[in-house]
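Please look through the structure shown here, and follow the paragraphs below from its strands to its rings, its helices and two of its loops.

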Amino acid sequence: MLNPNDITEAVNAGRSTRPRRRPSPRPQRIDASLEVPNRPPIGFFIDTMRRQDSRVEVGRSGSNLIHVSSLLDTQFCARKEWLLRTSGDSTVNRTGGAMRIVWALGRAAEHHARLQLLQELRHAAWGVWSCDCGRTRSAGHFDAEARCLTCESTLHNYLEKQVVFAGVTGSPDFIVRDSTGKLIVLEFKSIKKDAFELLSSPQPAHVRQAKFYVHLLHELGEEVDPRIRVIYVAKDYVHGGVYKEYLADAVDLQNPDANIRLAFQEAGRALQDTMPEMSSICQTGGAECTLARTCPVVGRCFAYQTPTE
């Protein structure tokens with residue numbers, strides 16, 4: 001079992017050496033008051049969609065939590081996360097229409113798979129339940145008697161439940177409780193037809209992500225099935241079925257593997273008061289190394305020196 005005292009030792013160590021705050025970029029506002037002209041020319045509607053597809057989006061920053069998805073990156077940098085968090089800066093994402101459509105298809109495929117499970121497993125599902133208007137929510141299992149006082153609907157809409165431990169957070173795609181009382185974590189992944197047909201085992205990164213969720217639930221005191229389940233959903237028309245389910249090796253809940261322990265330790269370093277040391281990659285390669293060239297805080301990282309006693 002992970003020891004919170006060991007994991008968060010770095011968080012509480014040292015004195016604050018935070019740099020001066022800088023204003024963070026703001027997301028672009030969406031103008032919903034655009035008028036449609038009389039007899040709009042060809043391209044009017046496409047241009048509107050393209051403008052929205054090319055809008056700048058601001059990523060997560062400034063939080064006192066590290067998301068599981070960040071820790072899955074083999075080049076996770078505690079120093080970069082520390083600078084983003086303490087300065088208030090944000091990462092800026094620029095994405096075109098093609099990728100937005102791919103992501104939308106993936107989300108829709110995963111949402112469909114979850115709905116199919118809810119048709120028969122609603123009372124076993126464990127998460128957050130919302131009414132139709134979204135004003136009333138309840139965590140845990142579905143309660144057929146609970147209703148919203150505003151829209152009067154039952155709380156039948158399933159939402160992913162956020163779990164947090166030692167500064168690490170994540171939201172499993174779907175959780176159910178089996179007949180013995182244990183929680184089972186299901187990780188959904190949508191992939192293209194060609195990759196789906198060639199798939200014969202779960203991808204290591206997907207297994208690792210599900211492992212994080214199992215450990216987070218275990219550390220929060222939940223009785224959880226240690227076996228890892230990953231369900232793949234094809235985003236295209238596929239003969240012979242659009243789902244593949246894999247059962248990966250069970251997690252040792254009492255003795256997490258080295259990668260899980262290291263990830264929690266790195267999260268702790270990113271959340272501590274003092275700036276973490278520069279990564280060995282950047283120490284060796286300098287500001288021109290591959291990792292540094294794509295870093296949003298490379299300038300401050302190399303300019304700022306941690307004071308020595």
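Which residue in β10 is the bridge partner of Phe174? In this model, which is a predicted one, the bridge partner of Phe174 is Leu186. That bridge introduces the pairing of strand β9, residues 174–177, with strand β10, residues 183–191, where the two run in the antiparallel sense and are joined over four bridges. Ile175, in turn, stands opposite Val185 in β10. The hairpin made by β9 and β10 has five residues between the strands, and in this hairpin Gly181 takes a positive phi near 100 degrees.

Strand β10 also pairs with strand β11, residues 228–234, but here the sense is parallel and the pairing extends over six bridges. Leu186, already met as the bridge partner of Phe174, stands opposite Arg229 in β11. Strands of a sheet pair through backbone hydrogen bonds, and the pairing can be either parallel or antiparallel. In β10 both kinds can be found, antiparallel with β9 and parallel with β11.

How many of the nine residues of β10 are buried? Nine of the nine are, so the strand is largely enclosed by the rest of the structure. Both of its faces are covered, with Leu183, Val185, Glu187, Lys189 and Ile191 buried on one side, and Ile184, Leu186, Phe188 and Ser190 buried on the other.

Another part of the model to consider is an open sheet of three strands, which has the order β5-β4-β6 and antiparallel pairing. Strands β5 (137–141) and β6 (157–159) stand at its edges, each with a single partner strand, so one side of each is left without a neighbour in the sheet. From one strand to the next, the twist averages 40 degrees. Strand β4, residues 126–130, runs antiparallel to β6, and three bridges join the two; in β6, Asn157 is the bridge partner of Ser130.

The aromatic rings offer a further way through the structure. Ring pairs link Trp129, Phe142, Tyr158, Phe174 and Phe188 into a cluster, and among its members is Phe174, whose bridge partner in β10 was given above as Leu186. A charged residue also meets one ring of this cluster, as Arg122 lies over the face of Phe142, at 5.7 Å from the ring centre. A similar arrangement involves Lys244, whose charged end sits over the ring of Phe196, 4.9 Å from its centre.

In total, the count comes to eight aromatic pairs. One of them is formed by Phe212 and Phe264, a tilted pair with 6.0 Å from centre to centre and 45 degrees between the planes. Phe212 lies in helix α8 (residues 204–219) and Phe264 in helix α9 (residues 258–270), so the pair ties together parts that are 52 residues apart in sequence. Are these two rings buried or exposed? Phe212 counts as buried, at 0% relative accessibility, and Phe264 likewise counts as buried at 0%.

The two helices that carry this pair can then be considered as a whole. The axes of α8 and α9 come within 11 Å and cross at roughly 70 degrees, and the helices are therefore roughly perpendicular to each other. Where they meet, Arg208, Lys211, Phe212, His215 and Leu216 in α8 are in contact with Asn259, Ile260, Ala263 and Phe264 in α9.

Finally, two residues in loops deserve a look for their backbone angles. Arg39, although it is not a glycine, has a positive phi of about 50 degrees, and this residue lies in the loop between α2 (9–12) and α3 (44–53). Ala166, also a residue other than glycine, has a positive phi near 50 degrees, and Ala166 is found in the loop between β7 (163–165) and β8 (168–170). As for their surroundings, Arg39 is exposed, with a relative accessible area of 75%, whereas Ala166 is buried, with a relative accessible area of 17%.

Terms used. Residues are numbered from 1 along each chain as its sequence is written. This is a predicted model: local features need pLDDT of at least 70, side-chain atom pairs count only at pLDDT 80 or more; totals for chains, interfaces and linings use all residues. Side-chain values use heavy atoms; hydrogens and water are left out. Two strands pair if DSSP finds at least two bridges between them. Axes are lines fitted to C-alpha atoms, for helices over the stretch in contact, and angles run from 0 to 180 degrees between N-to-C directions. Buried means under 20% relative accessible area, exposed over 50%, partly exposed in between (1.4 Å probe, protein chains only). Rings of Phe, Tyr and Trp (its six-membered ring) pair if their centres lie within 6.5 Å; planes under 30 degrees apart count as stacked, over 60 as edge-to-face and the rest as tilted. A charge sits over a ring if NZ of Lys or CZ of Arg is within 6 Å of the ring centre and within 35 degrees of the ring normal. Angles under 35 degrees count as roughly parallel, over 145 as roughly antiparallel, 65 to 115 as roughly perpendicular and the rest as oblique. Contact means heavy atoms within 4.5 Å.
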